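Here are a few notes to go with the structure, for anyone opening it for the first time. Keep the view open and follow along point by point.

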Amino acid sequence: MRVTVQDGKAIKVSGDPDHPPTQGVLCTKVTRYAERTHHKDRLLTPLRRVGPKGSGQFEPISWEEGLRIAADRLQPIARRAPEAILPYSYAGTMGLVQGESIAARFFNVLGASRLDRTICAAAGAAGLRYTYGASVGMHVDFFEESELILIWGANPIASSLHFWTRAQEAKRRGAKLIAIDPYKSLTAEKCHQHIALRPGTDAALALGMMHVLIREGFVDRDYVDAHTLGFDELAKRASLYPPSRAAAICGIDEQVIVDLARAFGSTKKAAIRLNYGMQRVRGGGNAVRAIACLPSLTGAWRERSGGLLLSSSGWAPTHAAALQRPDLLPGGLAKPPRIVNMNAIGDALLHPGDASFGPRIEALIVYNSNPVAVAPDSAKVAAGFARDDLFTIVLEHFQTDTADYADLIFPATTQLEHLDVHQSYGHTHVMANLPAIAPVGESRPNTEFFRGLARAMELTEPALFETDEQIASKAFRWDHPTLKDQNWDALKASGWLKLDLPDAPFADGGFRTPSGKCEFYSQRLKDEGHDPLPDYIPPYESAEAAPELAARYPLAMISPPARNFLNSSFVNIESLRATEREPHLDIHPLDAQARGIADGIQVRIFNDRGSMQACARVTERARQGVVVGLSIWWKKLSPDGCNANQVTSQALTDLGGSATFYDCLVEVESLH
Ligand SMILES: Nc1nc2c(c(=O)[nH]1)N[C@H]1C(S)=C(S)[C@@H](COP(=O)(O)OP(=O)(O)OC[C@H]3O[C@@H](n4cnc5c(=O)[nH]c(N)nc54)[C@H](O)[C@@H]3O)O[C@H]1N2
Ligand SMILES: Nc1nc2c(c(=O)[nH]1)N[C@H]1C(S)=C(S)[C@@H](COP(=O)(O)OP(=O)(O)OC[C@H]3O[C@@H](n4cnc5c(=O)[nH]c(N)nc54)[C@H](O)[C@@H]3O)O[C@H]1N2
Ligand SMILES: [Mo]
């Protein structure tokens, strides 16, 4: 990204045309980053709460005073019960320096509770780990040479634009694009075919495809024999999913599955762009495993334009131990503090504490996240944050729904103002982020907040006081073969470095699993008490698994990101909100008719956890039985102060402990 600066202000951001993965293109929301950075609502000073929690009433204080109050409140808790202190952070910035570096070291030194950062991708990451050994896959660039691309649980026009550029190029060269998505997304409508399956049934579709691939002789026996493990067991599992059964589970035509399998099996350059939308359900980990088996069965990995890409983050030799310093934990790694799953933050904050949970959470430091808007089962999250005996610090650019509940807010710098380094989960470059302007107002980088707090708490561990530059220089293992002969100075000078990787990563096997093969059958899963083979696991909230619930709440709700928002970021940017206008609910004409819902009226969406209001759009974009509320709205910018997470649940996925945002039954009623 390039920044045009005038009189110390960023006036424009643009893509860098020399950067190979992005080729000078920014997505719509990020083109507004200058507007966001100098927005009139930007937090400019530390703030102390003066009204009730959640009311959003604050008064300015100095950094020194703020850090003093924070240290005085945290010090006694840290001495008495360090696990009563909890960090909460995620994707506000995914930078390695402003994410988990000094912050992680600080919490490690205290022995605070650890946070399981599972709100987004943990099920998919686990699925890949057990199958390929790590979050690794195809290079995004080579999709343009593919002849068939399955865009599976992904909406790249909104959420992964640089992949979409390659898919369009492939289309121009004659490739067929097939979207697999319960919703006719912006992307699905531009593909040659759209397979609108029921949410959470992807594993059944993949197993049905395998059934056909095996029955009709599309298996690449040489590849399977040399580079995979457990074919016979997998074939037995797939035999349980004839296309008729898979079709009934997915709610699609049997012939669609047969044709899809034949197309995938008969195309050498067949590629799958999998993304995280399909793993936000109970069986998300197994579904990723099932789909990840497909290109190994057919030998698609032999071509650089064949295979699968979910995440490429595992290619980067990130040096997590140097960044986070787990060795600083008081008892070392032998007896680490408890882990709290971030998806269950509502229950965790409301837990009184006991022998199995450990101490009640008394202090929370939130950075790079807006949990009151983004975490599931929001009524509980808000109730937890509203606890008067909870001491909450929020580091933010804006006064978000979460910041409203803080005792202290500290103003944070943006990526235009601080130093950082990045790996990517969509391409195979690493990047440096150099500051373009001075910090706006009194804002400081997250790292500087934690250094200041450590000083105020009289901590002396030297690792807590390293500069951002020192941390950045340690972010990668420079001696790793993918970065050979490179260093931090070279990265800073060029802005990015391409990892040195083979074009077709698994053409000759070389998976990162214990066996070095693609593990259809996983002994590790078996040892951990799981099914060693991928299977279809019905959603928690489905007629199959919970008929009584499904009778009361017959509609499956999904709430994937709106194009102009980045999770809950950018919702307060007027030009972007103007495009999204207001919270909507897309509902199929038959479902709408049955409820007397007309296009454009306000509706209430509800289940036992809560409710939200939205404007109905009666449209066949939503398949029958599924409603879609593009997200993630700020609650306080919504008509009833509620967003989609009022109805989502804290239940976790089969593998990885991920969130199940799209495993959610609701009913909808007209507010007319
Ligand atoms: N504009 C924009 N871009 C973003 C983001 C954003 O908020 N806004 N967020 C970023 C982040 S953090 C992430 S994780 C990614 C998310 O981006 P993606 O990984 O693409 O995931 P989602 O957008 O959650 O869902 C993608 C598609 O999956 C569909 N889907 C939902 N349930 C199912 C299912 O059960 N099966 C199948 N096959 N499809 C399903 C949805 O309808 C949606 O169209 O995007 C990143 N990019
Ligand atoms: N219903 C529903 N809920 C979802 C999802 C969904 O699809 N549907 N998607 C889920 C997914 S995939 C994800 S990744 C999570 C994301 O949830 P979060 O990780 O909370 O991401 P954001 O909503 O973007 O909020 C991040 C906050 O960090 C702040 N921020 C940005 N940069 C910095 C910085 O450098 N320093 C500090 N201190 N703050 C910064 C921003 O101002 C913003 O308010 O949401 C999840 N929640
Ligand atoms: Mo995410």
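1. Let's begin with the company ligand 1 keeps. Its shell splits into 19 nonpolar, 8 polar and 5 charged residues. That makes 32 residues around ligand 1, and the closest are Asp181, Asp202, Phe565, Asn567 and Tyr662. Bear in mind throughout that this is a predicted model.

2. Now for the polar contacts of ligand 1. The side chain of Asp202 has an N or O atom 2.7 Å from a nitrogen atom of ligand 1. Two backbones join in as well: a polar backbone atom of Tyr276 sits 2.8 Å from an oxygen atom of the ligand, and a backbone N or O atom of Asn155 is 3.2 Å from an oxygen atom of ligand 1. How much of ligand 1 does the protein bury? On its own the ligand exposes 900 Å², and 96% of that is buried by the protein.

3. Where does the shell of ligand 1 come from? Domain 3 (138–310 + 505–527) and domain 4 (547–670) each supply at least three residues to it.

4. Ligand 2 is next. It is surrounded by 30 residues, and Ala91, Ser369, Glu396, Ser568 and Ser569 are the closest. By type, the shell of ligand 2 has 12 nonpolar, 15 polar and 3 charged residues. Why does ligand 2 lie between two domains? Residues of its shell come from both domain 2 (40–119 + 319–468) and domain 4 (547–670), so ligand 2 lies between them.

5. Ligand 2 has polar contacts worth clicking through. An N or O atom in the side chain of Arg36 is 2.8 Å from an oxygen atom of the ligand, while the side chain of Asn368 places an N or O atom 3.0 Å from a nitrogen atom of ligand 2. From the backbone, an N or O atom of Thr413 lies 3.5 Å from an oxygen atom of ligand 2. Taken alone, ligand 2 has 920 Å² of accessible area, and the protein covers 97% of it.

6. Moving on to the sheets, look for the open one with 6 strands in the order E4-E3-E16-E15-E14-E5, where the pairing is mixed. Strand E4 (58–60) and strand E5 (85–89) are its edges, each pairing on one side only. From one strand to the next, the twist averages 20 degrees. E5 runs parallel to strand E14 (residues 363–367), and 5 bridges join them; Pro87 has Ile365 in E14 as its bridge partner.

7. Another open sheet has 3 strands, ordered E17-E18-E19, with antiparallel pairing. Its edge strands, each paired on one side only, are strand E17 (420–422) and strand E19 (496–498). Here the twist averages 10 degrees from one strand to the next. Strand E18 (residues 429–433) pairs with E19 in the antiparallel sense over 3 bridges, and Met431 stands opposite Trp496 in E19.

8. Finally, a couple of backbone details to check. Most residues other than glycine have a negative phi, and most peptide bonds are trans. Asp7 is not a glycine, yet its phi is positive at about 50 degrees; you'll find Asp7 in the loop between strand E1 (2–6) and strand E2 (9–14). Further along, Ser631 and Ile632 are joined by a cis peptide bond, with omega about 0 degrees. Ile632 belongs to the loop between strand E25 (626–628) and strand E26 (665–670).

Notes
Residues are numbered from 1 along each chain as its sequence is written. Chains are lettered from A and ligands numbered from 1 in the order in which they are written. This is a predicted model: local features need pLDDT of at least 70, side-chain atom pairs count only at pLDDT 80 or more; totals for chains, interfaces and linings use all residues. Side-chain values use heavy atoms; hydrogens and water are left out. A residue is near a molecule or strand if one of its heavy atoms lies within 4 Å of it. A polar contact is a pair of N or O atoms within 3.5 Å; within protein, one must be able to donate a hydrogen and the other to accept it, and residues adjacent in sequence count only if both atoms are side-chain atoms. Accessible areas come from the Shrake-Rupley method with a 1.4 Å probe; for residues, only the protein chains shown count as cover. Ala, Val, Leu, Ile, Met, Phe, Trp, Tyr, Cys and Pro count as nonpolar, Asp, Glu, Lys and Arg as charged, and the others, Gly among them, as polar. Domain bounds come from an automatic or database domain assignment. Two strands pair if DSSP finds at least two bridges between them. Helices (H or I, at least four residues) and strands (E, at least two) are DSSP runs, numbered from the N terminus. Axes are lines fitted to C-alpha atoms, for helices over the stretch in contact, and angles run from 0 to 180 degrees between N-to-C directions.
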